[in-house]
Amino acid sequence: MVLLHGVGARADRWRDNLAALVDAGFHVFALDFPGHGFAQKGSGLDHSVPGFAQFVREVLDALGIASVAIVGTSLGGHVAARLAVDEPDRVTAVVLVGPMGLVPVGAGARQALADAVVETSREAIARKLRVLVHDEDLVTESWVEEEWRINNSGGAVESMSSLAAYFAERIDDDLVGGELARSVPTVRCLLVWGSDDLLVPTELAQPALAVLPAGTQLVLVEGAGHAPYLERPGAFNRAVVDFLTDAAARPSSTPGREEIQVSSGDRREVRVHGLAEPLSHYTDIVVHQGVAYVSGCISVDEAGQLVGEGDVVAQTRQSLCNMQLALRSVGSSLADVLKVTVFLTDISDRTRINPVRQEFFGEFRPASTLVQVSALAVPGAAVEIEAVAAVHS
């Protein structure tokens, strides 16, 4: 297993994770990226996601490692996903912790990241550490001093300036989320997020899931900021070990795969494991000629019980989670949705559910129709959403 840190950090950020991962049976390496920690710094180095991925690849080659799980946080998550695409026969699983590089951040956020990277005064570093974690009491004077010394060591300023320029100008050109789902659809992925992450907010988790391979799991670590591995190591270690040992035991399984299929020519009728039994004579999703037609998704759990009674926002979120599960079962995602039809029992709820739609679809904007109805099939349901989506596999 290889552990990859984020911007301005270094390998020893993983010090509270190493023992637990080794005890679980893994041979663990934590690396410093070029320009970070005790690695070489200065101008002339490739401070980019492809450059960092190439560096890790060369380390793996030098160590003779043919099979590896990659755990990456923030920028390290972006690099981990890049490696999985570039080395599909070598990377067995990826754990992405509050990752960058799955969905675009936009020019404004890119520039803000670039500005933050080059701020290396003691005051700026203390401020960044307090934003990094949820519990500010963790930010001690000795930690600030240590970070300040490392990030102002020989060549560090040049490295951070080079990385800042990459953030400002090119990082959105190296997005890898959709590419990972298309080119390595069977790679096992775990997405981990701190519940109180201020740097990469949890609102980005659903758009990230939408562009990751089918079956990607999401774990929220409560009471943690952008570094749940450091702030809540016990919970983080358990989640990673459970995921990776399960991946090793069942390498070919993928949660959310189709449970029942009926095929006729190019037509597939699919019942999805994890969704409630249909209420009448229909199936969850039909695929025909590369297009998926998703039956109306209502806010019910696997047992058919209503979720979020009296709360249209909670119901919309559950409905879209059900849609996401259905799409993944046939190799599609929310990023592939072409058209949605939304049925509301109260048309004025449109403004309340729009933020949830933005949370799930992110930058992608499907065609849409909104209809008010007098009632829905499940008593208490306030919203139902159907979809048409492209299928890549």
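Where does Q289 lie? In this predicted model, Q289 sits in the loop that links β9 (285-288) to β10 (291-298). Its backbone is worth a look, since Q289 has a positive phi of about 50° and is not a glycine. As a rule, most residues other than glycine have a negative phi. Q289 counts as exposed because its relative accessibility, 60%, is over the 50% cut-off.

S74 also shows a positive phi, here about 55°, again without being a glycine. This residue is found in the loop between β3 (68-73) and α3 (75-86). Is S74 buried or exposed? With a relative accessibility of 9%, S74 falls under the 20% cut-off and therefore counts as buried.

S74 turns up again at the largest pocket, where it is one of the lining residues that lie nearest the centre, along with V7, L113, L199 and H226. The lining of this pocket runs to 39 residues in total, and the volume comes to about 900 Å³. Several helices chip in: α4 (106-117), α5 (122-132) and α7 (156-169) each give the lining at least two residues. Of the contributions to this lining, the largest share is that of α5, with six residues. Sorted by class, the lining of the largest pocket breaks down into 26 nonpolar, eight polar and five charged residues.

Next comes the second largest pocket, with a volume of about 420 Å³. Which residues lie nearest the centre of this second largest pocket? They are G178, A181, R182, V211 and D336, out of a lining of 27 residues. Here the largest share of the lining is supplied by helix α8 (residues 177-183), which puts in five residues. The class breakdown for the second largest pocket reads 14 nonpolar, seven polar and six charged residues.

As for the strands, β5 (residues 188-194) and β6 (residues 217-221) run parallel and pair over five bridges. Within this pairing, W193 stands opposite L220 of β6. To get from β5 to β6, the chain passes through helix α9 (residues 205-210), and the resulting β-α-β crossover is right-handed.

Terms used: Residues numbered from 1 in each chain as written. Predicted model: local features only at pLDDT ≥ 70, side-chain atom pairs only at ≥ 80, totals over all residues. Heavy atoms only, no water. 1 Å grid on protein atoms, 1.4 Å probe; cavity = no way out; pocket = protein on both sides within 12 Å on 5 of 7 lines; lining within 4 Å. Points joined across faces, edges and corners; volume = space filled by probe spheres on them. Helix = DSSP H or I, 4+ residues; strand = E, 2+ residues; numbered from the N terminus. Nonpolar A, V, L, I, M, F, W, Y, C, P; charged D, E, K, R; others polar. Pairing = 2+ DSSP bridges. Right-handed = clockwise from strand over helix to strand, strands pointing away. Buried < 20%, exposed > 50% of the residue type's maximum accessible area, 1.4 Å probe, protein only.
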